[in-house]
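Student: Could you show me how to read pockets, cavities and buried residues in a protein model? I have one open and would like to go through it with you.

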Amino acid sequence: MNPGKVEWNEENKPQPDMELLEQWISRQEDQMREDIAALIRIPSIADQQEAIPGAPYGKKCREALEQMRAFGLREQMETEDIDGHCLTIATGKGNVEIGIWNHLDVVPEGKGWIYPPYTCTEKDGYLIGRGVQDNKGPAVAVLYAMKYCREKEILNNIKVRQILGCQEESGMTDVEYYLKYKKAPEYSFVADCGFPVCCGEKGHCIVLMETVSAVEGILEFDGGTAPNSVPSFAHAVAENKIGQKSEETAVGISGHAAFPDGTQNAIGILCGKLKMQNFPEQTKRALEFVERLSEGGYGEKTEICCSDECSGRLTCNIGQAFLHEGHLRIVIDIRYPVTKKTEDFLPKLQTEAAKSGIRIIGIEDSRPYYMNPEQPFIQTLMEAWREVTGLEGRPFVMGGGTYARKIPNAVAFGPGQERNLDRLGLPKGHGNCHCADEAELFENLKNAVKIYVFALKKLDKRIKETR
């Protein structure tokens, strides 16, 4: 079926009985918790250097895929292993395929956790552990929505295929591999965002920079675990002119690179401390540049900041810093507005860096994407959101990056919702995705199951009406 030819019927249709659906979800709660916990126990950090046949991102990512495959088989659904790059779980009787995308890899845990990162701890209605938000908890929520639809025989006109990758956090070559060897679904949504519908994502540029000369007086420098996380800790060892060594550390407030408000970059804090020491002038200039670039999260002190009405401001995060053969290297995560191009800001960054003896040595760029929010597919998802929640809302654009930017006819759709982390009593900067003590309200995951069931029911009915 050609998706460009589908004409959607905009009339509201009867939806699943909410009370029966809620009763069904209540009966599944214990198993849902166990399934999420089983995935959290696997430290599935993608690492292509650990690739082996059948496990291109390492043994732990392969283990996560196998665990999810076991869940799919338990629920009597079709599963397919895509050479260890992805796993698919499918149900439904139709010829029109709807894809729902999740990922099972996680960012490194980093430092400062109060709760064990690879144990799913429950407290005050929250689940705590690496991946409960991003993206293992949501993957289980999607599976249970599909399970409900299969048991109730709802999907007679569409086939729903959950596609689970293992390198979303560090390159998305998993989805590229899938689309190279498998046909893309007619329409897709990615369950790795917030509700209601994300219809566009900023451009995502990773820039690798290093000092032209070795940084004299700095023997060690280490900060950050991933470009897309604001680092919460950084460490350096310095040596003065008479050979005396000193150690400096800095503690920041972590968070996702795309949402810098409330964060503090430990790399920038550390550079601010180090620049006060009696280093050679060239080393000081480099430290001052890194401090300026990391401050605030929007690149305002290096004149690369820009914005548009549709998607807001450019964000800039130094996610990693380290020494390489005596040179200081930094890895920068830049999310830029959908109406901009790298040509609008990279020359300015290069000019500012050159003044401080720093050069660009590598660039990876993923262009922005934007889908018209009036598209019938988007409006169908919006209807499901409104009917379940009673909230209005409207499609939005965000700085976070999901598989949607790589997939034809795709948007991001949940499961993020309102929550109050204050009741957990966590330190500032804890609780969000990519942070220490990553937490998700279990009630939100159950609510996501309802929204996804409503959405799939609507999609199935409307496909039927256009055939």
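Tutor: Happily! Let's begin with residue classes: Ala, Val, Leu, Ile, Met, Phe, Trp, Tyr, Cys and Pro count as nonpolar, Asp, Glu, Lys and Arg as charged, and the others, Gly among them, as polar. Keep in mind that this is a predicted model.

Student: Which classes line the second largest pocket?

Tutor: Its lining has ten nonpolar, twelve polar and five charged residues. The space in this pocket is about 390 Å³. Among the 27 lining residues, G110, K111, P231, S232 and F233 are the closest to the centre. Strand 11 (218-223) and strand 12 (229-230) are the elements that each give two or more residues to this lining.

Student: How is empty space found in the first place, and how many cavities of 30 Å³ or more are there?

Tutor: Rolling a probe the size of a water molecule over the atoms shows where empty space is left. This structure holds one cavity of 30 Å³ or more. The largest cavity has about 40 Å³ of space. Its lining consists of T211, V212, S213, A214, V215, Q282, T283, A286 and G357. By class, that makes four nonpolar, five polar and no charged residues.

Student: Which helix gives the most to the lining of the largest cavity?

Tutor: Helix 6 (residues 281-294) does, with three residues.

Student: Now for single residues: is E201 buried or exposed?

Tutor: A residue is called buried when its relative accessible area is under 20%. E201 is at 0%, so this residue counts as buried. You'll find E201 in strand 9 (residues 197-201), and its side chain is joined to that of R405 by a polar contact of 2.9 Å. Beyond its sequence neighbours within four places, the contacts of E201 include V338, P368, Y369 and T402.

Student: What does the side chain of H434 reach at 3.2 Å?

Tutor: The backbone oxygen of N228. The H434 side chain also makes a polar contact of 3.3 Å with the side chain of S229. H434 sits in the loop between strand 24 (415-416) and strand 25 (439-441), and with 4% relative accessibility this residue counts as buried.

Student: Last one: how far apart are the end C-alpha atoms of helix 9?

Tutor: They are 37 Å apart, which agrees with the 36 Å that its 25 residues (442-466) should span at 1.5 Å a residue. In helix 9, 20 of the 25 residues are buried, so the helix is largely enclosed by the rest of the structure.

Technical notes. Residues are numbered from 1 along each chain as its sequence is written. This is a predicted model: local features need pLDDT of at least 70, side-chain atom pairs count only at pLDDT 80 or more; totals for chains, interfaces and linings use all residues. Side-chain values use heavy atoms; hydrogens and water are left out. On a 1 Å grid over the protein atoms alone, a cavity is a set of points where a 1.4 Å probe fits but cannot get out, and a pocket is an open set with protein on both sides within 12 Å along at least five of seven lines; lining residues have an atom within 4 Å of a point. Grid points are joined across faces, edges and corners, and a volume is the space filled by probe spheres set on the points. Helices (H or I, at least four residues) and strands (E, at least two) are DSSP runs, numbered from the N terminus. The expected span of a helix is 1.5 Å times one less than its number of residues. Buried means under 20% relative accessible area, exposed over 50%, partly exposed in between (1.4 Å probe, protein chains only). A polar contact is a pair of N or O atoms within 3.5 Å; within protein, one must be able to donate a hydrogen and the other to accept it, and residues adjacent in sequence count only if both atoms are side-chain atoms. Contact means heavy atoms within 4.5 Å.
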